[in-house]
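Colleague: Got a minute to walk me through this one? I'd like to go over the strands, then the packing.

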Protein chains: 2
Amino acid sequence: MKIGMRHGAGGEAMESVIKDVFLAKFSRNFGEVPLEMLDDAAVVNGVAITTDSYTVKPIFFPGGDIGRLAVCGTVNDLLMIGAKPVALSNGMVVEEGFEMEKLRTIAESMASAAQEAGVHIVTGDFKVVERGGVDEVIVNTSGMGRRHPLLDGNFEGLGRKPRVPWLADANVSDGDKIIVSGYIGDHGVAVLSGREGVGFETTVVSDVMPLNRVMETALRAGGVAAAKDPTRGGLAEILNEWAAKSGCGIYIRESDIPIREEVLSACEFLGIDPLTIGNEGKAVLAVAPHRAEDVLEALRRTPGGENAAIIGEVRKDLEFVVMETGVGGKRIVERPIGDPVPRIC
Amino acid sequence: MKIGMRHGAGGEAMESVIKDVFLAKFSRNFGEVPLEMLDDAAVVNGVAITTDSYTVKPIFFPGGDIGRLAVCGTVNDLLMIGAKPVALSNGMVVEEGFEMEKLRTIAESMASAAQEAGVHIVTGDFKVVERGGVDEVIVNTSGMGRRHPLLDGNFEGLGRKPRVPWLADANVSDGDKIIVSGYIGDHGVAVLSGREGVGFETTVVSDVMPLNRVMETALRAGGVAAAKDPTRGGLAEILNEWAAKSGCGIYIRESDIPIREEVLSACEFLGIDPLTIGNEGKAVLAVAPHRAEDVLEALRRTPGGENAAIIGEVRKDLEFVVMETGVGGKRIVERPIGDPVPRIC
């Protein structure tokens, strides 16, 4: 059997490879948030660790570039487990003949995103391969973070003991409200519009940004059980992961999901479900119901969270992710198998 | 200006890119072993962090594969700064059409190397790019380690206060003996022999292995000031780095450098200086002179260290790395500018 694009798409096909090829062999039960929990980051001895390789195409896109993306993506994965990002590594593989000026621009983007996120790039690796060995440049950023100083206080507001004392998927429970921190779909549409031959124009720019302030606000308000950034596979993917891991269904209302008109029309033009495309500056939170309005209000006063919304709730009486559509019908939001938009991160 | 193969070769051209493009922009002075020290790993809040992307070609070579290499290489970078490796991340970028069976074999190699090294692979990322987006597979492993429990005892044996309380290059001082833990050049020659069209056969296999036991032995014996694994750029590269960072020269004796006959003849056939090709299971140590014989004896009784040798010493009366040749002459061992053997790691 050969690897197909769907196996790297963040959906069901990818999970099957990861479980079958890697989890079956790698060690289990190591750390506070071990590998097999398949969260955005692992936690070992109080240190959160995460890694991501970025293959976005084009490397410069409306609203950002691969450097900014690599820093924000990894910073956000640390934040989503309840860590405060401290240090990043930068592993680059560059194609022979790549312009030094572009490399410089990418490094500058990384440096400024790191400053914005309050992290330090402390170590790196730089490899060059011959032409065709890689498509321009691949950036891997791995990150290390410490327990967020606001995490314990946040859990006090939860009103129940979390199953895992980090913002792990396993904490999602019946009744939790689902909050998204802003407009969905911007990143995927912006990257696509930057791609040659796709043939549409849009004013949408990527939402790529570090979520430090958004998460700080949410944790200070308190009652957050779990957090995830909807990257590959989009909102559809993470809601399905939460449903599977919590043993509950999730009910969402289409009319409450913040999506820009331009994103909707681009998705319509491309024949893509906006719920399945990736974001790089949004958090999705599962929040104890009695805290949800407070978290929402706090987010709306925070830069990057102005358009936050409660889009639904976790319900143990449902088996799937169900969406009440704008016209009053209901449909099951399926987990993406492949990826409608490859190489957006 | 365009990036050339030499810019990723671990030598002078690479250092100029790193200093000019990255160090100039990334934050300085962060952590106990900060980025600008350009050691094998950084240390932040007592946690050692390192990253490496592996692009070795072919991905299966005599004595190992890219999976084993990715685990050992990163484990060794942690060991070389004086850390005990704890956890690794695994970031893979795979080309569409890659055989699932090969991926499985690589994952198995990673798992068994991790077990050998006593580390856990705790987090990962899996991306697939279209054909031609990458040459088969690239593996990034980043690693996290804790201060080695034998490091403080080791420094007590040093007889002086180390400049940096880790095994950093900056600790190398006049009079230190240079020890290599075994045969030099095996990995580079083995990988080359596995490459199509190179046209030579050899029985040499890669030395790729985790250096936990070697370093444990050396630290227990005590008096190690600095350690480095001679990967890209080989022995010539790291001796020159040590010379530059210590402000001293280094004097080595060719006849004392352990090199296999087969490696020498392969290098002769290929027109390559064996001192400039990479190793993946060797440590080079700078050891206080009064401890050097003890460290050597201990290493020789340790699996992986049987062929260890003292090859020379640090000398402030010299300005360069100077080698006394087998026939009694002297030559300057220059720092490699490019790489005689690209993509060996």
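Modeller: Sure. Keep in mind that this is a predicted model. Let's begin at a turn: β13(B) and β14(B) make a hairpin with five residues between the strands, and Gly328(B) there has a positive phi near 95°.

Colleague: How many bridges join β13(B) to β14(B), and which way do they run?

Modeller: Three bridges, and the strands run antiparallel. Met323(B) has Arg331(B) in β14(B) as its bridge partner.

Colleague: And what joins β13(B) to β10(B)?

Modeller: Four bridges, with β10 (249–253) and β13 (321–324) of chain B running parallel. One pair to look at is Ile250(B), whose bridge partner in β13(B) is Val321(B).

Colleague: What's the strand order of the whole sheet?

Modeller: The order is β9-β11-β8-β12-β10-β13-β14 in chain B, an open sheet of seven strands with mixed pairing. At the edges stand β9 (224–228) and β14 (330–332); each has a single partner strand, so one side of each is left without a neighbour in the sheet. On average, neighbouring strands are turned by 25° against each other, direction ignored.

Colleague: Which strand is β9(B) joined to by four bridges?

Modeller: That's β11 (284–287) of chain B, and the two run antiparallel. Ala226(B) sits opposite Ala286(B) there.

Colleague: What about the loop before β11(B), where Gly278(B) is found? Is that glycine buried or exposed?

Modeller: Gly278(B), in the loop between α8 (261–270) and β11 of chain B, counts as buried because its relative accessibility is 2%. Leaving out neighbours within four places in sequence, Gly278(B) contacts His187(B), Gly188(B), Pro230(B), Thr231(B) and Ile344(B).

Colleague: Switching to chain A. How does β1(A) pair with β2(A)?

Modeller: In the antiparallel sense, over three bridges. The two form a hairpin with two residues between them, and Asn45(A) in the turn has a positive phi of about 50°. Val43(A) stands opposite Ala48(A) in β2(A).

Colleague: Which other strand does β2(A) pair with over eight bridges?

Modeller: β7 (137–147) of chain A, also in the antiparallel sense. Ser53(A) is opposite Asn140(A) in that strand.

Colleague: How many residues of β2(A) are buried?

Modeller: Eight of its eight, running from 47 to 54. Val47(A), Ile49(A), Thr51(A) and Ser53(A) point one way, while Ala48(A), Thr50(A), Asp52(A) and Tyr54(A) point the other, and all are buried.

Colleague: Any charged residue worth a look? What's the story with Asp39(A)?

Modeller: Asp39(A) is in the loop between α1 (12–23) and β1 (42–44) of chain A. Asp39(A) is buried yet has no salt bridge, and the nearest side chain of opposite charge, Lys228(A), is 4.3 Å away.

Colleague: So why doesn't that lysine count?

Modeller: Because a salt bridge needs the nitrogen within 4 Å of a carboxyl oxygen, and Lys228(A) is 4.3 Å away. Beyond four places in sequence, the contacts of Asp39(A) include Lys228(A), Lys245(A), Asp169(A) and Ile81(A).

Colleague: Last topic, the nonpolar packing. Which residues touch the most other members of the largest core?

Modeller: Leu103(A), Phe126(A), Leu235(A), Leu285(A) and Phe22(B), in a core of 117 residues. Apart from it lies another core of 116 residues, with Ile18(A), Phe22(A), Ala107(B) and Leu275(B) among them.

Colleague: And what does Leu285(A) contact?

Modeller: Setting aside neighbours within four places in sequence, its contacts include Ile178(A), Met215(A), Val224(A), Trp242(A) and Leu299(A), as well as Lys177(A).

Note on methods. Residues numbered from 1 in each chain as written. Chains lettered and ligands numbered in written order. Predicted model: local features only at pLDDT ≥ 70, side-chain atom pairs only at ≥ 80, totals over all residues. Heavy atoms only, no water. Buried < 20%, exposed > 50% of the residue type's maximum accessible area, 1.4 Å probe, protein only. Lys, Arg positive; Asp, Glu negative; His and termini not counted. Contact = heavy atoms within 4.5 Å. Pairing = 2+ DSSP bridges. Axes fitted to C-alpha atoms, helices over the stretch in contact; angles between N-to-C directions. Core = buried A, V, L, I, M, F, W, Y, C linked by side-chain atoms within 4.5 Å.
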